[in-house]
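Okay, thanks for coming, everyone. I'd like to walk you through one model today, with a bit of time on how its helices pack. Let me put it up on the screen.

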Amino acid sequence: MTIRLLPEDVAARIAAGEVVERPASVVKELVENSLDAGATRLEIETRTGGQSLIRVRDNGQGIPQAEVTLAFRRHATSKLETAQDLERIRTLGFRGEALASIASVSRVTCTTRYTEESVGTRLRLEGGKVVSRQSLGWPQGTELRIEDLFYNVPARRKFLRAARTERKHIDAFITRYAIAYPQIAFSVMHDGRQMLLTAGRGDVREALLAVYGTDLGNSLLEIPAVFAEPELPIQVRGYVGPTTVHRANRGYITLFVNGRWIQDLRLTYAVIQAYHTLLPVKRYPVAFVIITLPPEEVDVNVHPAKTEVRFHNGDDVFRAVQRAVRGTVIAEAPAAATWQAPPPTAQQVVHQRLAALRPASPQAPLPEIAPADRPRPSQPHTAPAFEAAPPSESVPPQARARRLPPLRVVGQVSTMFIVAEGPDGLYLIDQHAAHERILYEQMVSAWRQGDIPSQALLEPVVVTLPADDAARLEPLLPALQTLGMLVEPFGGASFLVRSLPAHWRDADPQMLLADLAANTETQAPSPVRLELEEMIVRRICKRLAVKGGQVLSREEMDRLVRDLEQTENPRTCPHGRPTIIQISLEQLAHQFGR
Ligand code: ADP
Ligand code: MG
């Protein structure tokens, strides 16, 4: 075949494919343009999931009469002048391709009036070609009507999902912007029904309630300013779920960087890791994390859709996010049984009513945004899991208050639970879960200090396992050694145990190795890819912890409760189950009808 330059309209449609993947991408580009234009009110309307109509109207600065046609030309932008501007982008758009791309695959009507002009313009385009233009009276601002999306790209049209699915994608986008931009009033209508309405009064909590519904919206914890990184120009704000709130997928973790919603596996992982051991396995947190840093620290020009960014100092951002989220969650972690959402304020009540306007149930899940549940294999492996928790000095003062108050042991129930009394009522402690937490943190803190004392056995012990188990144990040996447990292959399915970590010196090596081999999966199935060592520690602590059914002496119970008080996260076991349930005096009084 002869090499030829593509006709302009073919080239345009190819390029459009990268920016305009589906109706939600059109909504995204139009909303970003409105935000860049300084709008404070945004009205979004769709019909049939955006395929027949997407209409976005704003009260921004508008487009000057002389520039309306130009705005639809490829690489036409008012947001960049020089190549250097590309190094520090402060607007959401900058590539000058959205309007051109959208126009090439739909019928567009753009009506606009520029703030400094008295007459507005209406421009119609079909498949990227201007078909009419008129002057008219129009309030300041811009409206874009996109009709018959992909009418001239049958292949793309075929791949559009049901209107409902496309609506979900659109909502996933707008609801997040509504939270990140609480000062902007968003109104969203689908097929004539109001989906979302935010007041735009600048109150994030209002927007959270309107988007997530009352229960979830109220339960989210605000990341306090304490967690600002004083030495770094990185600011992390936002809202995160308490440990009692979790979801089956990571689609509830939302990240914004400099006002832009981004998808970033590594930062998503930072959030998940911040909840390390605080959530049940295979459950994911709800988090809305807003990161602000100097524009020159981040490269947004990675992909036409602008949903990926690169950080100049990715590790710093990772740490800042992880610290802020972890600190917030730990500071607020309540005893599972006593926690209740604060009663709504008058303002919140108004917003509950707004939220109720939505046809979906108030708890309707946000659509999934992450395609995969597993980190991409190419994802660089992050800091060791043990560094997940910030050192205790960095826990803010209120965190201490959230720790256990001094408790007085009353007795044991059913050889499973310890009953204790505290300043605010009754505490029931799961002896096994509590002991697991204690053993785990002791080992972890030794690990953090890089100092796990190891104790050589007077005589090495030979352990022989079933062949399968032996094969599974082999790959764990290096990890065991870093934990202070020196085990060598000893021919066939036998191993020679030479030393044990001092913390576990009383354990039976045969029992430990057999248990590990039978229960540790080398391919971590858990949400965060745990370090092997960490999985081993969890497994062994589970094994070594006192069991339910074990009678404890008064001294043993006292000791256990004192040790639990010393832990950083006394309220959950390393697997995320509660260790302690509190019943307040008020609850007791209430139960007795006092
Ligand atoms: P970009 O946003 O990357 O500049 P677009 O193709 O999205 O490229 O838009 C082209 C130009 O049209 C923008 O730079 C802006 O000047 C103008 N524009 C687009 N939408 C609006 C709007 N809603 N209000 C005001 N100006 C707009
Ligand atoms: Mg744009």
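Before I point at anything, one definition, so we read the angles alike: axes here are lines fitted to C-alpha atoms, for helices over the stretch in contact, and the angles run from 0 to 180 degrees between N-to-C directions. Also, please keep in mind that this is a predicted model.

With that in hand, take helix H13, residues 431–448, and helix H17, residues 532–544. H13 and H17 pack at about 140°, and their axes are 8 Å apart. Roughly antiparallel would need an angle over 145 degrees, so H13 and H17 come out as oblique to each other. The crossing of H13 past H17 is right-handed.

Who's touching whom? On the H13 side you've got His432, His435, Glu436, Leu439, Tyr440, Met443 and Trp447, and they meet Glu533, Glu534, Val537, Arg538, Cys541, Lys542 and Leu544 of H17. Sorted by class, that contact has 7 nonpolar, 2 polar and 5 charged residues.

H17 has another partner, helix H16, which covers residues 509–519. Here the angle is about 125° and the axes sit 10 Å apart. H16 and H17 are therefore oblique as well, and their crossing is right-handed. From H16, the contact uses Met511, Leu512, Asp515, Leu516 and Asn519, while H17 brings Ile536, Arg539, Ile540, Arg543 and Leu544. The split for this one is 6 nonpolar, 1 polar and 3 charged. If you're following along on the screen, look for Leu544: it's in the H17 list for H13 and in the H17 list for H16.

Let me zoom out for a second. The protein chain has 594 residues, and 50% of them are buried. Its secondary structure comes to 19 helices and 22 strands. If you take the contacts with a separation of 6 or more, 72% of them are between residues 24 or more positions apart. On the surface side, the chain exposes about 27,400 Å², with carbon and sulfur atoms supplying 52% of that.

Okay, back to helices, at the other end of the numbering. How are H2 and H6 oriented relative to each other? H2 is residues 23–36 and H6 is residues 163–180. They pack at about 25°, axes 8 Å apart, and that angle makes H2 roughly parallel to H6. The crossing is right-handed here too. H2 contributes Pro23, Ala24, Val27, Lys28, Val31, Glu32 and Leu35, and H6 contributes Glu166, His169, Ile170, Phe173, Ile174 and Tyr177. In classes, that's 9 nonpolar, 1 polar and 3 charged.

Two residues from that contact deserve a click. Ile170, in H6, is buried, with a relative accessible area of 0%. Leaving out residues up to four places away in sequence, Ile170 touches Pro23, Ala24, Val27, Thr46, Gly49 and His190. Its C-alpha is 8.5 Å from that of Gly50, which is 120 residues away along the chain.

The other one is Lys28, in H2. Buried or exposed? The cut-off for buried is under 20% relative accessible area, and Lys28 has 9%, so it counts as buried. With the same sequence neighbours left out, Lys28 touches Phe173, Ala305, Lys306 and Thr307.

A quick stop on a strand. Val108 is in E3, residues 107–113, and is buried at 2% relative accessible area. Beyond its sequence neighbours up to four places away, its contacts include Phe72, Leu123, Leu125, Leu144 and Ile146. Val108 and Ile146 are 38 residues apart in sequence, yet 4.7 Å apart C-alpha to C-alpha.

Last thing, for the backbone people. Most residues other than glycine have a negative phi. Which brings me to Thr48, with a positive phi near 45°. Thr48 is in the loop between strands E1 (41–47) and E2 (53–58), and at 40% relative accessibility it's partly exposed. Then there's Asp191, not a glycine either, with a positive phi of about 45°. Asp191 is in the loop between strands E7 (185–190) and E8 (193–197), and it too is partly exposed, at 33% relative accessibility.

That's my tour. Shout if you'd like any of those contacts back on the screen.

Definitions and conventions
Residues are numbered from 1 along each chain as its sequence is written. Chains are lettered from A and ligands numbered from 1 in the order in which they are written. This is a predicted model: local features need pLDDT of at least 70, side-chain atom pairs count only at pLDDT 80 or more; totals for chains, interfaces and linings use all residues. Side-chain values use heavy atoms; hydrogens and water are left out. Helices (H or I, at least four residues) and strands (E, at least two) are DSSP runs, numbered from the N terminus. Angles under 35 degrees count as roughly parallel, over 145 as roughly antiparallel, 65 to 115 as roughly perpendicular and the rest as oblique. A crossing is left-handed if the near helix is turned anticlockwise from the far one by less than a right angle, and right-handed if clockwise. Contact means heavy atoms within 4.5 Å. Ala, Val, Leu, Ile, Met, Phe, Trp, Tyr, Cys and Pro count as nonpolar, Asp, Glu, Lys and Arg as charged, and the others, Gly among them, as polar. Buried means under 20% relative accessible area, exposed over 50%, partly exposed in between (1.4 Å probe, protein chains only). Accessible areas come from the Shrake-Rupley method with a 1.4 Å probe; for residues, only the protein chains shown count as cover.
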